Amino acid sequence: MTEKELKELLHSMSLQEKLGEMTQMAPNFFGTSDSVDLTGPMKAMNLKPEDVAYLGSTLNAFGAEKLIAMQKEHMERQPHHIPLIFMADVIHGLKTIYPVPLAMGCSFDTGLMEESAAMAARESAATGIHLTFSPMADLVRDPRWGRVTESPGEDPLLNARMTAATVKGYQGDDISAPDRIASCFKHFGGYGASEGGRDYNTVDVSDGVLREYYLTAYKAAVDAGAAMAMTSFNTIDRVPATGNKKMFRKILREEWGFDGVAITDFDAVGELIPHGLAADGKDAAEYALKAGADIEMMSTNYLNHARELIEEGKVDLSLIDEAVWRILLLKNKLGLFENPFKGADPEKEKALHLCPEHLALARKAGSKCVVLLKNEENLLPLKKGVKVGLAGPFADSTSVLGGWAFADSSDRATLKSGLLEDGVEISAMAMTEELGSMQHGIMDVSDQTAELDALADCDVVIAAVGEHPDDTGESASKTILRLSHNQEKMLEKLHDMGKKVIAIVFSGRPLELRPVVPFCDAVVQAWFLGVEAGPAIADVLTGTVNPSARLSMSFPQTVGQIPVYYNHMNTGRPLEGPYHRFVSGYLDCPNEPLYPFGYGLSYSDYRYSGFTVRTVKNAEDGTLAEVSVDVENVSDVPGRETVQLYIRDVAASVVRPVKELKDFVQIDLGAHEKKTVVFKVTREMLSFWNNEAVVFEHGDFDLMAGHSSEEVLKERVAL
Ligand code: NOJ
């Protein structure tokens, strides 16, 4: 449609039709025109049949045939034949489920991220979906929060790059293309800072911390052209995000120039009442409309109250027109006025879902996300001829997809089947009863450690441990991050039996592994890797793939340390060396995490040398210095190394973090190969928010390059 036609359409719509466009409902609210079932939740929402006919979008409806039929029926009923947008939570794949986002963060591989998102877009488009509620760009520091699994991790730069890559992967250059979908980034903003890691809880961070850490990845989504933004459930500076004018009107739209659609999270307008911002639904609608939330998800405050608000002069009709205009523009960009079914195609859907190409990518992605945390005496990769035993609740479990998986797992996904496929002979198995979930009140099973005697003849035991996937994701906050008692006992007993123990940890968050690491000779963080989890992990264990992933989130020593993250401030009494009184530390625990951000081992050994800094004068691109470092693979095993650049601004008008990741590159190094990596350090990288503006201040900077946030070479220079 031309802009003129679109404007005419807007002006010919009734107010009720406009409010329908601004309301999103789940598919169970859509009935045929004469058989709309006005009972149950619909009745409670005061939804009338004509309201249903006017709705503008729906969430989490799947299936090409079904969506084609729904669209046809809806367009017949809608007075102007305006098509629906089918939106869904495609978070890490639709049917071909690839690793959870936190695991993808650990790959540090933006190309892989983009490819996986493109794959998810292809499958989704064929099923009739037009838009996904992804990526979640929330920066996370608190593993008690179940939703850390949906985020790329704790670092603003890594999050921003992963977020941008995800948006590009879904959208490509043109969201009207039949194999592309639009992207909605979420949850704006700062949801990852929920107090105590408790979901939906208050967020109270300073403006500086919000801007420098938490907002960075959302901004990257905007710059990458994301079509939509979703509000978050939390308050920010005491105002819930869904009614927060500063966040949506000022920062998102005015400062960042976002011109896409803003949608609320699920019933978040209604939640303005228990938050204590709005007195009732009408008040809530007024706040959300004024803040600029264009679509209300799964509640009907706009439908039920906007007319009255306009008649009373509390809300200007122009606010409604502005919102509907943005929604119509999105429908037009998606090409829905020309082809309301877009990519929906039952044949294509069948051909694409779980097709070999997508499965191969999921397997490759999985192996790139596995983080090797410990590997004593090069126990891994598995050596030929050793007798391997397999134990633990994830040994043969299909519960390895992670949250937000609208797909079935298969026997192929299990660790056992992956090992068998890769030719590993399993001599015996024990303690494989599946782990219950905390959510369902059965965290542990009965003591089965006596079963371990079945492994007496094995040299090496692969112990597949972790948390149930239902214990991660939305509304899955925990205060205890240890493995279940039974699993801890299993690892200890295997160690006492004199076995070489390889722990494979399945989890959606960093767990507290300190109590069990001493019992393990090798520890592999396997996350939830999706439909090809088993083969992907087996590829790493057998050495078919050399692990290259790095932690995108610090692993705490103990829950009491949380939040523990690498890019913290220094304090006036920093702890250097062992703890003593009156410095900033703990009596009973180091300040450092168990495993820091950027950490991860490989079957290769890398040596860093030749670190030099060269200052650059008057470069047009703002380069102030070049950091050069030689990286040598001193082993016989070819590998991929992620070389990381960190900076520290030694003194500034607001204090700066002890380290900030500013760039990273991945290099492939053959056996005994050496490469030189050169990083540019630009003025922009050294600039910061001084509580009024982004500024650069001359002075001393520590420039650092290395293998992880803790292993770096450094030099101080005046810039
Ligand atoms: C609530 C979640 O917070 C959000 O991430 C999701 O997209 C919506 N529900 C829709 O399912």
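Lys374 stands opposite Val523 in strand 16, and that pair is a handy way into this predicted model. Residue numbers start from 1 along each chain as its sequence is written, and side-chain values use heavy atoms, with hydrogens and water left out. Because the model is predicted, local features need pLDDT of at least 70 and side-chain atom pairs count only at pLDDT 80 or more, while totals for chains, interfaces and linings use all residues.

**Exercise 1. Place Lys374 in its sheet.**

Step 1: Start with the pairing. Strand 11 and strand 16 (residues 522–525) run antiparallel and are joined by four bridges. Strands here are DSSP runs of E with at least two residues, helices are runs of H or I with at least four, and both are numbered from the N terminus. Two strands pair if DSSP finds at least two bridges between them.

Step 2: Zoom out. The open sheet has six strands in the order 11-16-15-14-12-13, and its pairing is mixed.

Step 3: Look at the edges. Strand 11 (371–375) and strand 13 (426–430) each have a single partner strand, so one side of each has no neighbour in the sheet.

Step 4: Add the turn. On average, neighbouring strands are turned by 20 degrees against each other, direction ignored.

Step 5: See what lies across the sheet. Helix 19 (residues 485–496) lies across strand 12 (388–391), strand 14 (460–466) and strand 15 (500–506), and runs at about 165 degrees to strand 14.

**Exercise 2. Describe how helix 8 packs on helix 10.**

Step 1: Get the geometry. The axes of helix 8 (residues 156–171) and helix 10 (residues 216–223) come within 8 Å and cross at roughly 30 degrees. Axes are lines fitted to C-alpha atoms, for helices over the stretch in contact, and angles run from 0 to 180 degrees between N-to-C directions.

Step 2: Name the arrangement. Helix 8 and helix 10 are therefore roughly parallel to each other (under 35 degrees counts as roughly parallel, over 145 as roughly antiparallel, 65 to 115 as roughly perpendicular, the rest as oblique).

Step 3: List who touches whom. Helix 8 brings Pro156, Asn159, Ala160, Thr163, Ala164 and Val167, and helix 10 answers with Thr216, Ala217, Ala220 and Ala221. Contact means heavy atoms within 4.5 Å.

Step 4: Sort them by class. There are seven nonpolar, three polar and no charged residues (Ala, Val, Leu, Ile, Met, Phe, Trp, Tyr, Cys and Pro count as nonpolar, Asp, Glu, Lys and Arg as charged, and the others, Gly among them, as polar).

**Exercise 3. Do the same for helix 7 and helix 17.**

Step 1: The axes of helix 7 (residues 110–127) and helix 17 (residues 356–369) come within 11 Å, crossing at roughly 145 degrees.

Step 2: From helix 7, Leu112, Glu115, Ser116, Met119, Arg122 and Glu123 meet Glu357, His358, Leu361, Lys364, Ala365 and Lys368 of helix 17.

Step 3: This contact has four nonpolar, two polar and six charged residues.

**Exercise 4. Hunt down the odd backbone spots.**

Step 1: Recall the background. Most residues other than glycine have a negative phi, and most peptide bonds are trans.

Step 2: Check the peptide bonds. Phe188 to Gly189 is cis, with omega near 0 degrees, and Ile562 to Pro563 is cis too, with omega near 5 degrees.

Step 3: Locate them. Gly189 sits in the loop between strand 5 (182–188) and helix 9 (207–214), and Pro563 in the loop between helix 20 (533–541) and strand 17.

Step 4: Check phi. Arg238 isn't a glycine, yet its phi is positive, about 75 degrees.
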